[in-house]
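Reader: I am new to this structure and would like to understand how its descriptive terms are earned. Could you show it to me, and then take my questions one by one?

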Amino acid sequence: MILSDKRILEEIDRGTIIIEPFDPGCLGTNSYDVHLGKYLATYTDRVLDARAHNKIQHFEIPKDGFVLQPGTLYLGVTLEYTETHAHVPFLEGKSSTGRLGIDIHATAGKGDVGFCNTWTLEISCAQPVRIYAGMPIGQLIYFAVEGDIEKMYNAKDDAKYSNKTTKPVESMMWKNTF
Ligand SMILES: Nc1ccn([C@H]2C[C@H](O)[C@@H](COP(=O)(O)OP(=O)(O)OP(=O)(O)O)O2)c(=O)n1
């Protein structure tokens, strides 16, 4: 079950969903539009190593935008800080970004109950495209969860992406043992 607009507002009133900043105009029928934050990042090394801590360099999107190039993975971040305490949040693209050839996540769209942070975007593009800080970039949808939660994401010792940040965060795969 996906939460409707009215239900998202009720959950915001209850404090089980937090979206900051919140603009009622960004509420869709059953989603909330999120925007591109001002920081992007790229990996320092061209060849990444799934076992290593691959470092990234952050940079600010200039006022007149930044042209994404195909073949490079950019990490972006949502302008919005969100908390979701009783539902499963999903980050989805928007048709309008998709029609510009922009992908906002490489494979991970699902969030966890208890996730409290900005969202890192795994951005790639089909052809060069200029993007701007503050542009609508994706949407959050909320699913009801079945059953009790043993441990909320923000309470887990091994949660990799729970340190609050306004910048994109690199892969923490290196924390897995394999
Ligand atoms: N594009 C995305 C997808 C998810 N998340 C956030 C919300 C999730 O609650 C959190 C963890 O996502 P995953 O469970 O998919 O990530 P991992 O399994 O790699 O990390 P962990 O071991 O911390 O669960 O990251 C994000 O910021 N950007």
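Reader: What makes the pairing of Tyr153 with the ligand a polar contact?

Author: An N or O atom in the side chain of Tyr153 is 2.6 Å from an oxygen atom of the ligand, and a polar contact is a pair of N or O atoms within 3.5 Å, so this pair counts as one. The side chain of Lys160 also has an N or O atom 2.7 Å from a ligand oxygen, while a backbone N or O atom of Thr120 lies 2.8 Å from a ligand nitrogen. Taken alone the ligand exposes 580 Å², of which the protein buries 78%. This is a predicted model, in which local features need pLDDT of at least 70 and side-chain atom pairs count only at pLDDT 80 or more, whereas totals for chains, interfaces and linings use all residues. Residues are numbered from 1 along each chain as its sequence is written, and side-chain values use heavy atoms, with hydrogens and water left out.

Reader: Which residues surround the ligand most closely?

Author: Of the 14 residues that surround the ligand (each with a heavy atom within 4 Å of it), the closest are Ala108, Asp112, Thr120, Tyr153 and Lys160.

Reader: Why is Thr78 called buried?

Author: Thr78, which has its place in strand β6 (residues 74-84), has a relative accessibility of 2% and therefore counts as buried, the term for under 20% relative accessible area with a 1.4 Å probe and protein chains only. A polar atom of the Thr78 side chain lies 2.8 Å from the backbone oxygen of Glu80.

Notes. A polar contact is a pair of N or O atoms within 3.5 Å; within protein, one must be able to donate a hydrogen and the other to accept it, and residues adjacent in sequence count only if both atoms are side-chain atoms. Accessible areas come from the Shrake-Rupley method with a 1.4 Å probe; for residues, only the protein chains shown count as cover. Helices (H or I, at least four residues) and strands (E, at least two) are DSSP runs, numbered from the N terminus. Buried means under 20% relative accessible area, exposed over 50%, partly exposed in between (1.4 Å probe, protein chains only).
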